[in-house]
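Visitor: Got a minute to go through the aromatic rings in this one with me? Pull it up and let's chat.

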Amino acid sequence: MKLSTKYALICLSLIIAPSASFAQLEPKPLTQPTLKQITAEPDWIARSPTNPRWLVDGSGIIFSQRRPGLVARDFSDNYLLFLSTPDLYVPLKITPKDPGPYFTNRGDWNTDHTLRLLNNAGDIFLYNASTNATTQLTKTTAYESSAMFLADNRSLFVRFAYRRDSNWFIRNLDSGWENQAADIRYQDAPKDETEDETEDKNFNYLEQQQRDLFQIITLEDQRKEMREDDTKAWRDTNPTSVPGPFYLGKDNRSIGAWLSPSGNHILVATAPKERPSDPTDIMPDYITDDGYVSTHAVRSKVGHHTETPIQLTLLDLKAERIIELPLINLPTIKDDPLAWLKEANADDSDVDSEEAGDADESESDEPTDELKEETTKPRPVSHMGTRWNDAGTIAAVMLKSHDNKDRWIVLIDTALEEPELTTAHHLRDDAWINWAFNDFGFIPATNTLWYLSEETNYAHLYTFDPISSITKQLTAGDFEVTSPTFTHDASFVYFRTNQTHPGIRELEQLNLTTGELKPITKLAGTVESFRISPDESQAIITYSNINQPPELYLIDLEPNPLLQTKPKQLTQTVTDAFRNTQLQTPQIIAVPSTHTEHPIYTRLYLPDATKFTGPRPLVLFSHGAGYLQHANYQWSYYKREHMYHTILTNLGFIVIAPDFRASSGYGRDWRTAIYRKMGYPELEDFKDAIDYVVNNHNADPTNVGIYGGSYGGFMTLMAMFLEPETYKAGAALRSVTDWAHYNHGYTSNILNTPDIDPEAYQISSPINHAEGLQGHLLMLHGLQDNNVVAQDIIRLSQRLIELEKQNWELALAPIEPHGYHEPSSWLDQMRRIHKLFTEELLDD
């Protein structure tokens with residue numbers, strides 16, 4: 001950590017500079033938001049701090065902020081904030097004039113926590129906690145990373161390892177002596193010449209004749225063989241040579257290689273060298289610097305994306321042997337979770353063929369040998385992460401099946417004579433494995449595995465002891481656990497939970513000895529992230545609330561909640577313009593569901609009842625992503641829409657924003673309710689929310705509108721097409737109109753693939769229900785959208801034309817991606833939405 005004299009003087013001058021005035025000023029009157037204001041560059045709200053991280057010595061933090069202004073908004077700067085002056089924190093911008101380096105609290109400690117290896121800008125440094133000094137260990141043009149102390153205790157000297165580009169190296173900290181950990185080659189192993197000797201002698205008369213006639217040639221052969229045997233013997237017994245070569249095959253490529261902290265093994269994940277050439281979409285760009293139309297390739301469609309299957313191999317560096325780790329014995333790896341669906345589709349095809357008179361009675365109903373072989377072949381898997389225990393004796397690997405139904409955590413015990421995969425945890429989900437809650441690792445200084453799992457509906461923390469094979473559930477209840485962080489001595493683990501309310505995230509502490517769970521924060525908002533200090537006595541948290549953009553706070557990690565002090569706010573980035581804007585704080589209500597036992601949590605914005613009497617028009621906002629939480633106490637990703645709802649309520653509208661089934665924060669069953677039927681459970685939840693505000697808040701059921709983007713745009717189309725009697729007007733932004741044209745990773749989770757599950761795609765795609773449109777529909781889409789490609793909305797437009805539908809329009813933003821960037825585009829979009837709702841839903 002470094003601080004220049006100039007920075008210190010600047011900091012001091014800022015601290016002692018007098019305020020402009022201590023006189024009491026009259027508070028400015030609050031202003032009402034306007035469309036122009038809410039769609040302006042977000043600097044007017046705040047340049048909220050992001051990515052906070054502690055300095056390695058704990059004296060302060062570094063965080064990032066976007067640069068102000070329309071030109072600079074795509075750039076970020078780093079700021080230093082020292083904590084030595086309580087209650088007065090002055091961020092200092094890091095500039096090229098004084099760039100540091102400033103080392104952050106990331107890197108591997110030695111066992112007694114006196115030395116720490118740090119990575120910075122592709123080089124490695126050593127931090128000495130006793131002297132608070134940092135020494136540079138490498139300075140190369142190569143990129144060095146993943147530095148760690150070795151724990152093998154084979155040497156009297158301290159050794160550490162690191163990656164240089166794609167290879168692992170080991171270095172003696174005292175002498176600086178360095179060696180490559182292993183010689184790994186993606187080639188076929190050389191053939192043993194004795195294997196081909198007979199073949200060569202039989203078919204090469206001239207070579208055989210030479211040896212029969214001339215003794216010298218035979219002698220040279222013998223000398224060559226002796227030389228090779230001698231070289232191999234010395235290499236195998238030479239302790240200074242690089243282990244290997246390890247030949248992993250010319251048809252393979254590396255997915256990753258992880259050296260054990262013992263320095264004795266490398267776990268390698270490989271995949272086929274040949275990469276698939278999947279078909280992709282093309283996206284045109286009409287607004288270019290040279291005036292010519294350009295095109296860009298974008299992602300492939302669902303069912304047309306080839307996932308990469310992996311294999312695992314363990315390299316024993318001491319014995320110089322390759323240990324294959326076949327996946328064939330993973331639980332259920334040979335099962336086909338979708339066999340019932342494939343069989344149903346096959347039966348349907350048989351019926352269709354018979355009805356068409358094409359049935360071939362000579363063919364047997366029994367599957368062919370080839371089909372039988374295919375059905376018993378292990379399913380391919382993807383690699384999701386590798387972790388070693390601190391001793392470097394046990395590796396844990398997380399794998400996921402390509403059909404998204406199974407997740408495994410396997411262990412490899414390198415102390416065994418024949419290491420193999422042992423399943424520590426297996427999670428099967430008949431819908432799909434969540435892309436969240438896949439954290440795992442080893443509790444520090446132990447062999448105990450920890451992981452998150454949704455197996456009891458909510459994501460909770462578990463441990464597995466590889467010696468006793470006992471699994472323990474450490475947390476339980478109708479709440480989620482995220483971001484587990486263990487202390488170095490394995491006494492406590494900190495994580496975020498929504499235990500007090502589904503829409504509130506607090507920081508909590510679990511005592512690993514007693515099992516006691518204690519709250520660290522009680523802020524009734526959202527702790528978006530936390531970082532524990534190097535001495536583990538404090539934490540930096542990023543906190544926000546509904547009308548409070550994120551700021552950084554400092555909090556003590558005192559286990560006794562009675563001794564907790566109020567968190568200290570470290571940053572003040574919210575502008576006066578935002579503070580002086582009168583925004584409504586919505587209620588978070590629990591709407592009773594007519595379809596599940598759990599309520600539908602919903603944001604509710606109400607107009608002033610003293611100004612507006614009689615039934616009020618209602619607008620429903622549908623959030624995007626599907627798996628996202630919006631009815632929560634957090635500064636929303638949808639900040640513009642949130643502020644727009646105040647504009648609507650000022651005109652007498654009621655606005656609701658339900659967390660429909662598919663949303664995050666409510667457990668696995670809520671998440672997967674849409675499996676194979678996207679759009680239908682959500683519409684049921686929308687109807688319950690609408691009925692609730694009609695019955696309890698005087699909403700007018702004859703004047704209901706809906707809008708949303710991405711998944712929210714999809715839901716707007718489903719609402720307008722399937723329930724036209726409910727929705728009078730809708731605005732669909734950047735909408736998926738046909739799931740068969742969306743990407744593979746997201747869609748195959750929820751709807752399988754079109755070849756396997758065509759019915760799910762048929763019923764879930766709005767384009768197939770467009771004939772139901774009756775109300776007024778506005779569609780908006782960016783032509784530079786590489787997520788939901790504009791082809792989606794153009795295909796739907798052609799479908800509406802052919803159906804001779806009226807009262808719909810399409811507005812294309814030529815330069816905008818999936819999430820609009822430019823304020824002018826945002827303003828155009830919001831003006832069109834506002835015009836739709838005021839003209840169609842407000843009575844004259």
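Guide: One term before we start: a charge sits over a ring if NZ of Lys or CZ of Arg is within 6 Å of the ring centre and within 35 degrees of the ring normal. Also, keep in mind that this is a predicted model.

Visitor: OK, so which residue lies over the face of Trp-432?

Guide: That's Arg-671, at 5.1 Å from the ring centre of Trp-432. Another case is Arg-387, whose charged end sits over the Phe-440 ring, 4.5 Å from the centre.

Visitor: Switching to ring pairs: how many aromatic pairs are there?

Guide: A search of the whole structure turns up 28. One of them is Phe-103 with Phe-125, a tilted pair at 4.8 Å centre to centre with 55° between the planes.

Visitor: Where do Phe-103 and Phe-125 sit in the chain?

Guide: Phe-103 is in the loop between β4 (92-93) and β5 (108-109), and Phe-125 is in strand β7 (residues 123-128). They're 22 residues apart, so the pair links distant parts of the chain.

Visitor: Is Phe-103 buried or exposed? And what about Phe-125?

Guide: Phe-103 is buried, because its relative accessible area of 6% falls under 20%. Phe-125 has 8%, so that one counts as buried too.

Visitor: Why is the Tyr-666 and Trp-670 pair called tilted?

Guide: Their planes are at 50°, and planes from 30 to 60 degrees apart count as tilted. The ring centres are 5.9 Å apart. Tyr-666 is buried at 9% relative accessibility, and Trp-670 is buried at 6%.

Visitor: Which residues form an aromatic cluster?

Guide: Trp-435, Tyr-627, Phe-660, Phe-686, Tyr-711, Phe-714, Trp-739, Tyr-742 and Tyr-746 make up one cluster.

Notes: Residues are numbered from 1 along each chain as its sequence is written. This is a predicted model: local features need pLDDT of at least 70, side-chain atom pairs count only at pLDDT 80 or more; totals for chains, interfaces and linings use all residues. Side-chain values use heavy atoms; hydrogens and water are left out. Rings of Phe, Tyr and Trp (its six-membered ring) pair if their centres lie within 6.5 Å; planes under 30 degrees apart count as stacked, over 60 as edge-to-face and the rest as tilted. Helices (H or I, at least four residues) and strands (E, at least two) are DSSP runs, numbered from the N terminus. Buried means under 20% relative accessible area, exposed over 50%, partly exposed in between (1.4 Å probe, protein chains only).
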